Amino acid sequence: MSDPRNGKRPRPKLAVWKLASCDGCQLSLLDCEDELLAVAGAVEIASFPEVSRAEIAGPYDVSLVEGSITTPHDLERIQEVRRQSRVLVAIGACATAGGIQALRNFADVQGLVGAVYGRPEYIRTLERSTPVSDHVPVDYELRGCPISKAQLLELVTALLAGRAPDLPTSSLCQE
Ligand code: SF4
């Protein structure tokens, strides 16, 4: 439906979200340079924490989620992102498998918190680091650490065009 103020169709909203992660997968998107400019012209970038703290309210057409669920706050955020997103894509090993943070899953987390932090009572953390799909339905998973920028571009372009992404099944999982 077109915008009654200018008669133009609104651009699809693309949002990037960061949970527990190193930002490397967001950097893959930034590294797309010219291709990103073309994508940016076709969409409204509603959230991209690696670029700006500004955030446009949902709902979102496509959400790319980087990072694993490691804190109660991550858990609240991913549920809200899922509520607001038509298509949710988990990007990278952290979001699809728990990432390096999941090493904690084999240790006594409270013991680690006590050993590392002087005031452990201020630390709110979950016992395990888990993938996004353990908590909310995920439409696509793009694997890798970091993800391939070419595969990310193909996925975003396909989703915005309403076609199936042309990617090897080993790198992409459609839930
Ligand atoms: Fe960083 Fe790798 Fe996690 Fe991506 S998957 S956020 S590159 S640690």
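Ala, Val, Leu, Ile, Met, Phe, Trp, Tyr, Cys and Pro count here as nonpolar, Asp, Glu, Lys and Arg as charged, and the others, Gly among them, as polar. The model is predicted, so that local features need pLDDT of at least 70 and side-chain atom pairs count only at pLDDT 80 or more, while totals for chains, interfaces and linings use all residues. Residues are numbered from 1 along each chain as its sequence is written.

**View 1. The shell around the ligand divides into 7 nonpolar, 4 polar and 1 charged residues.** The residues around the ligand (C-beta atom, placed from the backbone, within 6 Å of it) are Ser21, Cys22, Gly24, Cys25, Glu66, Gly92, Ala93, Cys94, Gly99, Ile100, Cys145 and Pro146. Helix 1 (24-30) and helix 4 (92-97) each supply at least two of these residues, and helix 4 gives the most, with 3; helices (H or I, at least four residues) and strands (E, at least two) are DSSP runs, numbered from the N terminus.

**View 2. Helix 3 (residues 72-84) has buried residues at Asp74, Ile78 and Val81.** Seen down the helix axis, these buried residues fall within an arc of 60° (taken over the directions from the axis to the C-beta atoms), so they line one face of helix 3. A residue is buried if 20 or more other C-beta atoms, placed from the backbone, lie within 10 Å of its own, exposed if 12 or fewer, and partly exposed in between. The face turned away from the buried side carries the exposed residues Pro72, Glu76, Gln79 and Arg83.

**View 3. The buried residues of helix 3 pack against strand 1 (13-18), strand 4 (60-66) and strand 5 (85-91).** Contact here requires C-beta atoms, placed from the backbone, within 7 Å.

Conventions:
The expected span of a helix is 1.5 Å times one less than its number of residues. Two residues are in contact if their C-beta atoms, placed from the backbone, lie within 7 Å.
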